[in-house]
Each structure stands twice: as structure tokens, then as C-alpha cells.
Amino acid sequence: MFTFHSIRSRLTVTFLAIIAAVMMITSLFLYNQLERYFIKSMVDSLTRSGYEAAINVAGLLRDQTGTVADSGKLSAYAESVSRLAGARIIFVNREGIVIADSVRVGGRLGQILGQEEIDAALAGEVGSSILVSEQSGQLVLQVAVPILEEGSDPIGAVFLSASMQEIYGGEQGQGILERVRNYLLLATLIAAAVVGGGSVILARRFSGPLEVLTGAARRMGEGELNQRIEVSSKDEIGHLAEQFNIMAARLNYYTSNLRHFASNVSHELRTPLTSLSLITKSMKDYDMEPEQQKEFLEDMDRELDRLIALVNDLLELTKLQEGEQRHDTICLVELVENTASKLKPRFEQYHIRLIMELPPRPVYVSGSFLQLSQALRNLLDNALKYTPAGGWVRVSMQLLKEAVEVKVEDSGCGIPEKDLPNIFERFYRVDQARSREMGGTGLGLAIVKETILAHGGKIWAESREGEGSTFYFKLPLQESINYN
Ligand code: ADP
């Protein structure tokens with residue numbers, strides 16, 4: 001469709017306007033230069049012929065003292081020069097009286113011509129002018145040159161007048177300049193056609209991919225997120241299409257992730273809510289002994305604790321993903337000691353040895369004490385949960401060049417190889433029943449991972465089923481502190 005608001009039409013109109021302007025300026029300049037050139041050539045040619053004739057007639061004129069004697073001979077000569085020069089030739093004496101005219105019949109013999117050019121020639125200069133002939137209505141070039149004799153003032157003048165129809169055209173056909181004008185017009189039209197066609201093709205090449213992009217963006221807006229555009233060019237539009245594909249793929253990924261997450265959350269919420277509903281219904285519908293009622297209330301309490309833990313974890317994850325980050329200077333050694341000391345009684349309760357191997361001096365990182373302490377607590381909680389009584393858990397720290405690496409090892413059940421790559425995913429559990437039974441929400445490691453990533457760090461795990469697991473995380477050291 002050709003609307004003036006489309007790139008195609010704007011490009012075409014702009015290109016046409018530019019080419020029209022360029023051609024017009026060039027044509028005017030060229031026409032002007034050619035006109036000057038042709039006029040100058042004609043003036044030069046007439047001047048040359050005039051001077052040649054002047055030399056030849058100088059001797060004859062010397063003998064004539066203001067008379068028209070011998071004018072027959074002079075006029076015959078004027079006639080022959082006229083044929084060669086293609087101009088009317090008139091000789092005048094120093095008084096300005098015509099003493100010979102190449103036009104015999106109706107000539108100006110014996111008359112005084114009041115032409116300015118003749119006055120100039122009699123003053124020793126070359127005179128020239130262009131005027132419109134009264135008889136033919138055509139442009140005529142008039143030139144007068146002095147007839148000189150050595151050591152004296154001009155003794156007469158040669159007056160030449162020629163039609164300019166060869167240049168400007170007339171009854172006998174087109175002049176050179178008319179032809180030039182026509183050629184320039186034709187060239188302008190051809191250039192406009194070529195540029196017009198070219199700009200339509202060019203604009204189609206530009207606007208075609210943009211229309212495809214617009215269509216894909218519109219479909220995305222309507223909810224079809226799996227859009228992909230074929231990228232064939234390497235120019236700006238190609239890059240735009242590439243970025244569009246990346247954006248579409250990300251959006252698609254996040255949306256399906258969100259859907260997946262929402263369905264996981266609903267699923268996680270359904271289990272405790274169903275239990276709570278069953279318990280309440282039973283308590284409402286059946287008469288129970290106080291003993292049994294207490295048992296039911298304890299179940300309710302446990303399910304509610306699970307719900308609260310789940311909601312708290314979800315809130316924690318959302319907060320982390322919102323990306324608000326504190327930048328306090330934290331001593332990681334102190335943080336580990338502090339977190340571990342709070343958990344120590346539980347380790348003792350389950351007869352698991354908690355070993356600490358920490359550097360004897362402070363190690364500083366930047367971030368949030370609360371978040372990092374919660375992350376470490378999750379790792380230690382897991383180690384405690386998945387390690388049988390009599391086992392051990394070791395927390396150690398190693399200083400690297402620009403980072404610090406923390407290791408949480410346990411002698412627990414370990415993680416099967418196939419599950420290891422997925423354990424940091426939200427709601428991923430190796431053993432669903434066991435995790436729930438231990439009060440796990442399936443979000444612990446996801447929170448740890450988000451926390452470490454938000455602090456510019458890295459987290460990974462190694463494990464052997466039946467032998468134990470090791471969780472590593474690395475955090476950048478606080479830059480301003482020199483450890484050497
Ligand atoms: P959960 O709340 O179920 O513990 P997490 O996200 O903390 O959820 O852990 C995900 C899963 O990874 C757990 O269900 C468990 O199967 C496995 N896991 C985590 N830490 C350990 C560990 N130290 N030893 C063995 N398995 C672990």
C-alpha cells in the first residue's frame with residue numbers, strides 16, 4: 001500500500017526531490033556555461049574575420065579621403081568576406097560613413113550608422129552587442145573592429161552582423177542551446193525514472209523486513225509468544241531482527257517459567273491446604289475425645305507451619321529477584337561463626353559433628369548480612385537434614401586472589417548424579433516425600449543460588465550418592481581491603 005506515511009513513499013519522494021534539485025542546478029549551470037561559450041566563440045570568430053578584413057581594406061581606405069570612390073571594389077570584397085564569415089559586412093570610414101556593404105540591394109552605402117559598436121571601433125576598441133533584429137525578429141550579434149594603420153588613429157571600422165539562430169534556433173530549425181536544453185530535460189527524466197524505480201526497490205528492501213517485524217511484534221502482543229524471524233541480512237535491520245528473536249525467546253522462556261512456577265506453587269499450597277480442610281471437616285463432623293482433638297490440632301499446627309515456611313520462602317525469593325541489594329561491608333568469618341553457633345544445638349541434638357575450618361583473620365565481602373547468613377543457614381540445614389546421626393558437617397573457607405570460596409561438606413546420603421544439575425531449581429526435590437517430611441519447601445537451594453548470584457558470586461555442588469555432598473560458593477572480596 002502506498003501511503004505518504006510509509007517509509008517506501010517517503011524515500012521515493014525524497015529521492016525524487018533530491019534528484020530533481022540536483023539535475024535542475026546542474027542543467028542551469030551547464031546551460032549557462034554553454035551559452036556563454038557559444039556567444040564568446042561567435043564574437044571571437046566575427047572579431048577574427050573583422051580583423052582579417054580590416055588588414056586587407058586598410059590600404060584601400062588610406063587613399064579615400066571621406067569619399068565613397070572605389071566602393072564597388074570594396075563592396076565586392078565585403079561580399080566575399082560575408083560569404084566566408086556568414087555575416088553581413090559593412091566598412092565605414094573614419095567619419096563613420098558606410099563606404100561598402102555586403103548587402104548591395106537596400107544596403108546602407110553612404111549612410112552614417114549610429115551604432116555604439118562602430119563608435120567604439122573608431123575609438124580603437126572592439127565593440128559588440130546582441131539585439132533583436134527589427135526585420136527578422138531574431139537575435140543578432142553585432143561586432144565592430146577598428147581598421148588600423150601604424151602610428152595613427154583608426155582610419156575606419158569593419159562592422160559585422162550575424163544571426164544567432166545557430167545558437168538559439170529560429171525558423172530554420174533548432175539551435176544548439178535548444179538541443180542541449182532538450183537533452184538535459186531528457187536526462188533529468190531518465191534519472192528521475194531510474195532513481196524513482198531504484199528508491200522503490202530500496203525502500204521495499206528496507207520496509208519489507210520491518211513489516212515482518214511489525215507483524216511478529218503484533219502477534220506477540222496478541223499473546224503468541226513463540227515468534228521467530230528469519231534473519232538474512234547483517235545490517236541494522238538484521239541486528240534488530242536478531243535482538244527481537246532474543247527478546248521473544250527470553251519472554252517466552254520467562255512466561256513459561258512463570259506458568260510453571262505458578263503451577264508448582266499451587267501444587268505446593270494444595271497439599272497442606274487439603275490436609276487442613278480434611279482435619280477441620282473431621283473435627284466439625286465427628287465428636288472426638290480431647291486426646292484425639294489435641295492430635296488433630298497438632299497436625300493442623302504442622303501444616304500451618306509448612307504453609308508459613310512456604311510463603312516466607314516465596315517472599316524471600318521474590319525480594320531477591322527484585323534485585324534490591326544492600327552493600328554493607330561484612331566479615332564472612334564472623335558471619336559463618338555467627339550462623340553456625342545458632343545451629344550448633346540442633347547439630348548436637350542429632351549427634352552430628354559440626355567442624356569449622358576458618359581463616360584466623362577477617363575476610364571482607366560486600367552485601368547483605370541477613371541474606372548471606374540465610375543462604376549459609378539453608379546449606380547447613382540441608383547438610384543436617386540429609387546426614388544421618390553420627391555423621392559430620394564441615395564448613396571451610398579458602399582465600400583466592402580476588403574472591404573467597406566457602407565449602408559446606410557433609411557425610412550424608414549424597415545426591416544421585418542425574419539430579420545434581422537440577423537441585424538449584426525451584427521446587428526440585430530428589431525425594432519428594434522425604435523432603436516434605438523434613439519440612440522442606442523445595443525452595444532452599446533456589447534461595448541460596450539467587451542470593452549468591454545477587455552478590456556477584458557463583459555456586460555449584462559435587463556429590464556422590466551414599467558418601468556425601470559438597471556445596472561451594474564463591475564471593476568477590478571487598479576491593480578496598482588489602483590482605484597482604
Ligand atoms: P528442600 O526444602 O527439599 O531441602 P532444597 O532446595 O533445599 O529443598 O534442596 C533441593 C533438594 O536437593 C532436596 O530436596 C534434596 O533432595 C537435595 N539436597 C539438598 N542439599 C542436600 C544435601 N546436603 N545432601 C543431600 N541432598 C541434598
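Me: How many nonpolar, polar and charged residues does the shell around the ligand have?

Reply: In this predicted model, the shell around the ligand has 10 nonpolar, eight polar and three charged residues. Of the 21 residues around the ligand, those that come nearest are Asn382, Asp410, Ser435, Gly442 and Leu445.

Me: What makes the pair formed by the side chain of asparagine 382 and the ligand a polar contact?

Reply: A polar contact needs a pair of N or O atoms within 3.5 Å. An N or O atom in the side chain of asparagine 382 is 2.9 Å from an oxygen atom of the ligand, so this pair meets the cut-off of 3.5 Å. For tyrosine 386, a polar side-chain atom lies 3.3 Å from a ligand oxygen, and for glycine 444 a polar backbone atom is 3.4 Å from an oxygen atom of the ligand. Taken alone the ligand exposes 520 Å², and the protein buries 98% of that.

Me: Which elements give two or more residues to the shell around the ligand?

Reply: They are helix 9 (369-385), helix 11 (444-454) and strand 12 (468-476); helix 9 gives the most, with three residues. The space that the ligand takes is the largest pocket.

Me: Why is leucine 84 called exposed?

Reply: A residue is called exposed when its relative accessible area is over 50%, and leucine 84 has a value of 80%, so leucine 84 is exposed. Leucine 84 is found in helix 2 (residues 71-85), and its C-alpha atom is separated by 8.5 Å from that of serine 49, with the two residues 35 residues apart along the chain.

Terms used:
Residues numbered from 1 in each chain as written. Predicted model: local features only at pLDDT ≥ 70, side-chain atom pairs only at ≥ 80, totals over all residues. Heavy atoms only, no water. Near = heavy atom within 4 Å. Polar contact = N/O pair within 3.5 Å; in protein donor to acceptor, adjacent residues only side chain to side chain. Areas by Shrake-Rupley, 256 points an atom, 1.4 Å probe, with all protein chains shown as cover. 1 Å grid on protein atoms, 1.4 Å probe; cavity = no way out; pocket = protein on both sides within 12 Å on 5 of 7 lines; lining within 4 Å. Sits in = over half its atoms within 2 Å of the grid points. Helix = DSSP H or I, 4+ residues; strand = E, 2+ residues; numbered from the N terminus. Nonpolar A, V, L, I, M, F, W, Y, C, P; charged D, E, K, R; others polar. Buried < 20%, exposed > 50% of the residue type's maximum accessible area, 1.4 Å probe, protein only.
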